[in-house]
Amino acid sequence: MLILNIKLFCSYMPQFNIWILFSFHLADIISTVEFNYSGDLLATGDKGGRVVIFQREQEGNNRSHSRGEYNVYSTFQSHEPEFDYLKSLEIEEKINKIRWLPQQNAAHFLLSTNDKTIKLWKISERDKRAEGYNLKDENGRLRDPFRITSLRVPVLKPMDLMVEASPRRIFANAHTYHINSISVNSDHETYLSADDLRINLWHLEITDRSFNIVDIKPANMEELTEVITAAECHPNQCNVFVYSSSKGTIRLCDMRASALCDRHSKFFEEPEDPSSRSFFSEIISSISDVKFSHSGRYMMTRDYLSVKVWDLNMESRPVETYQVHEYLRSKLCSLYENDCIFDKFECCWNGSDNAIMTGSYNNFFRMFDRNTRRDITLEASRESSKPRAILKPRKVCTGGKRKKDEISVDSLDFNKKILHTAWHPKENIIAVAATNNLYIFQDKIN
Amino acid sequence: MSKMAGADGDDSLYPIAVLIDELRNEDVQLRLNSIKKLSTIALALGVERTRTELLPFLTDTIYDEDEVLLALAEQLGSFTVLVGGPEYVHCLLPPLESLATVEETVVRDKAVESLRKISHEHSPEDLEAHFEPLVKRLASGDWFTSRTSACGLFSVCYPRVSKSTKSEIRQHFRTLCSDDTPMVRRAAASKLGEFAKVLELEYVKSDLIPLFAALASDEQDSVRLLAVEACVSIAQLLPQEDLEKLVMPTLRQATEDKSWRVRYMVADKFSELQKAVGPEITENDLVPSFQNLLKDCEAEVRAAAANKVKEFCENLPADSRETIIMNSILPCVKELVSDTNQHVKSALASVIMGLSTILGKDNTIEHLLPLFLAQLKDECPEVRLNIISNLDCVNEVIGIRQLSQSLLPAIVELAEDAKWRVRLAIIEYMPLLAGQLGMEFFDEKLNSLCMAWLVDHVYAIREAATCNLMKLVERFGASWAQSTIVPKVLGMASDPNYLHRMTTLFCISALSEACGQEITTKQMLPIVLKMSEDQVANVRFNVAKSLQKIGPVLENSALQAEVRPVLEKLATDQDMDVKYFAQEAMTVLSLA
């Protein structure tokens, strides 16, 4: 793996000085990015089934310039390509989602999933090694078994730190369709997994059974009108979870009410504006991601053109709507033809819930400040990140005359998309995945 | 003669040396074997080296696989003698302490179990000097794994420590009951009952009751539901007059909890609760609660409550039992018979027959019989099966004949169910039914079913049918077998389908013992011998297997004169398997 060490100062919002911490070039296309609860570890999953974990350098490191940097901590192959012989289907190894478990001892645990199988991994450190055998001498030569005059008990000696990733549990055979989400419950003992039509609830220690809590599969598949696109557990109410659908709606369910949550307790939907109705309306209203705020009061949904923030207490419309790339509305036809209209962009909150981030095309990503309603477009690309250069906000020309530094809509590269981003839970550090490259930016400490 | 240890080395050390080296073999199985023989290693090392070398090494092996750690945690629980007796038992605390913090619940639980075990081997001084500080360390550990383990240790050291330490332990328990992580609160809630048992009654009232109330209204339902169990233990400890004030508000709240999982827990623990609170509260409070649970909007809760119907009714006070059942419980039960959920109906079907012994003959005929009959006609096979499997209760009270009119169609339908698992289940009840219905009724109505299963297209059914015949013969005797079963079984020996021919052999193997020497030698043996010339090799090697099975039942003369030549011939068969099984049979029957 090539690790580039680009460090630049740039400013994007007046109140922020952002510097690029690192960019990493990975072997394959990154398919998910996730910080752990403390933010000290960052996990990425890729199309090749690998998980790469980055660890933040501890403060007090004598190389002062490396403070706060993230370095590769552990790399392991989480999933392998498989073949379902009964259905004659290939099962890709691509990691769809990674979710960290709250830390329970010195080791770290995460769940990773491909389309069908969820795995629980333990990442632990080892710094001691046992030495001394009875039947072998120091050089590994065998001793004469008949000349053993005393017994030796092995002694533990310090050794170089070794990080091990071991699979602890495999949760398989519960999903007929492709898994799109996993989410750990705040009770710390269960998690849910969602596919296109069903949501299952698992106990983290039990792999041979799960409970089906949502099933929207119609008796006749020809009557199928919507699919589940994402699901998440509430951050502190262990009985509440939400799931979003391809029709742009979100259902909130209460597991206290009944064992099978087919009946939602809240239904969030924004009435459609009849004037903007078009052939693409339904496709672009499909929700690609849903995330609760850390406080648990709000949730955010991403559809093709916008990000919406909903107050859990108001089902009729979102409290805030942010346009991500409204200029694409006139391009929907060609985006439909090249399948880009089906891209699933994710979104994330910052640690204090007052800013949100989501991706776009041309390696652009967008940030919105909820208090000032200011927004910014930034670009994650190595070409524009020349050392000591200022990373300027980018602007897309939306008609009329193109100003200097503006980019015309027609010259956007739709193959360079930023689907996955993550925000450190406590600090202004963000991780942005642009195809094979992972960028980590940090608010500069003066 | 044992060899002297000396410069030549001691070969008795060799096996121990291997065991020690294999403690860190790359193969988990070898490591596991070594850990399981840890006592052998310790014995060879002697108490001092065990304490100073082996235990420090084991303390740091917590990197290993769960199964190795589990075995280690278990071994250490009975290691006291090997470290030098109770005087040195505290040496075992460090390795168990590190095992009590691993993430795997089974390992942690085993470490806690061993810690509890060795706590009794500590002198009061050592308990205070070594064990109690360990409990405190765990209770204030950084990770919740250690704090959850601490919850299980309070109750073993509390009774044996000084007054001031006791108050510290109570304080620790209080802290853990309001821990930030739900895991720890759950551990505390689940140990609340056992801690209450060792606490002085005044502290139960002043300390534990408020904690219990707090846990029972925790924001997480996974915590609240554990408080229901604590309810039982606390209610057992408190004098009757305190129950109303200290326990009942919490129990009432749990019965009406917003979360079905909590209500489910109440339903699941209902019998225990009923015993713990006594007859008076049962009559005033629990009966209406039970009615509500039987009518709950969540099917899981109704099913759990339905499961408890019989036990609840049995444990009602004798003087008011019948009135309560007839007026309060039976109306709810009647509704459950036509519940929309099949799990509820089948839970009810598994206990409803038990009510007949409680209510007696007249009530059973008037009120329960219609319900039994309705359930026997239920669309769900599991419901019907559950009724049939419990027929014996009714038989004692009103006799099975009352039911036979409806029973028969139900059995026939299950016997022909499209799902083979349902057919399998009904076959298993056949011997029971045969006993209840009697030989005559059985021959007339059910015998043909039993024979039909022998030619079922699913092997598992044919196998079960064979086993069923054996049990029937055991019940009805050899002469019944000779007249009704044997001719039909033997008739299948010339069936064109080789699978059916094999069934004959399986039946013969199964029945020979129950039928006795005469029938086996005179009627069965000739057929088996004749089948040794079958075209299909599978039949031929099953002949060899059958001969091996029925050999011990045969007369010795028949064995020598008839079986031996056939087996000898089969032993030269061109088919490998036939040869193998023929030779095996000859060895077993000592004919080789």
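Let's start with a word we'll need: a residue is partly exposed when its relative accessible area lies between the buried range, under 20%, and the exposed range, over 50%. Keep in mind that the model you're looking at is predicted.

**Exercise 1.** Is Glu568(B) buried or exposed, or does it fall in between? Then find out which residue Glu568(B) forms a salt bridge with.

*Solution.* Step one: take the relative accessible area of Glu568(B), which is 37%, so the residue counts as partly exposed. Step two: look for the partner. Glu568(B) forms a salt bridge with Arg564(B), and their closest N and O atoms are 3.7 Å apart. Step three: do the accessibility check on the partner. Arg564(B) comes out at 26%, so this residue is partly exposed too. Step four: place the pair. Both residues sit in helix H33 (residues 556-570) of chain B, 4 residues apart, or about one turn of the helix. Here's the general idea: an α-helix has 3.6 residues a turn, so residues three or four places apart point the same way.

**Exercise 2.** Where in chain B do Glu168(B) and Lys136(B) lie, and what does their pairing tie together?

*Solution.* Start with the contact: the two form a salt bridge, with the closest N and O atoms 2.4 Å apart. Glu168(B) belongs to helix H10 (residues 163-177) and Lys136(B) to helix H7 (residues 124-139), so the pair ties together parts that are 32 residues apart in sequence. Now for accessibility: Glu168(B) has 33% and is partly exposed, while Lys136(B), at 24%, is partly exposed as well.

**Exercise 3.** Which parts of chain A does the pair Glu427(A) and Arg56(A) link?

*Solution.* Again, begin with the salt bridge, where the closest N and O atoms are 2.9 Å apart. Glu427(A) is in the loop between strands E32 (420-423) and E33 (429-434), and Arg56(A) is in strand E6 (residues 50-56), so to speak distant parts of the chain, 371 residues apart. Next, compare each with the cut-offs: Glu427(A) has 32% and is partly exposed, but Arg56(A), with 8%, is buried.

**Exercise 4.** How many residues of helix H30(B) are buried, and what bends or borders this helix?

*Solution.* Count first: 13 of the 18 residues are buried, so H30(B) is largely enclosed by the rest of the structure. Then look for a bend: there's a kink of about 30 degrees, centred on Ser509(B). Finish at the ends. Asn497(B) caps the N-terminal end, with a side-chain oxygen 2.8 Å from the backbone nitrogen of Leu499(B). After the helix comes Gly516(B), with a positive phi near 90 degrees.

Key
Residues are numbered from 1 along each chain as its sequence is written. Chains are lettered from A and ligands numbered from 1 in the order in which they are written. This is a predicted model: local features need pLDDT of at least 70, side-chain atom pairs count only at pLDDT 80 or more; totals for chains, interfaces and linings use all residues. Side-chain values use heavy atoms; hydrogens and water are left out. The bend at a residue is the angle between axes fitted to the seven residues ending there and the seven starting there. Helices (H or I, at least four residues) and strands (E, at least two) are DSSP runs, numbered from the N terminus. Buried means under 20% relative accessible area, exposed over 50%, partly exposed in between (1.4 Å probe, protein chains only). A polar contact is a pair of N or O atoms within 3.5 Å; within protein, one must be able to donate a hydrogen and the other to accept it, and residues adjacent in sequence count only if both atoms are side-chain atoms. A salt bridge is a side-chain nitrogen of Lys or Arg within 4 Å of a carboxyl oxygen of Asp or Glu.
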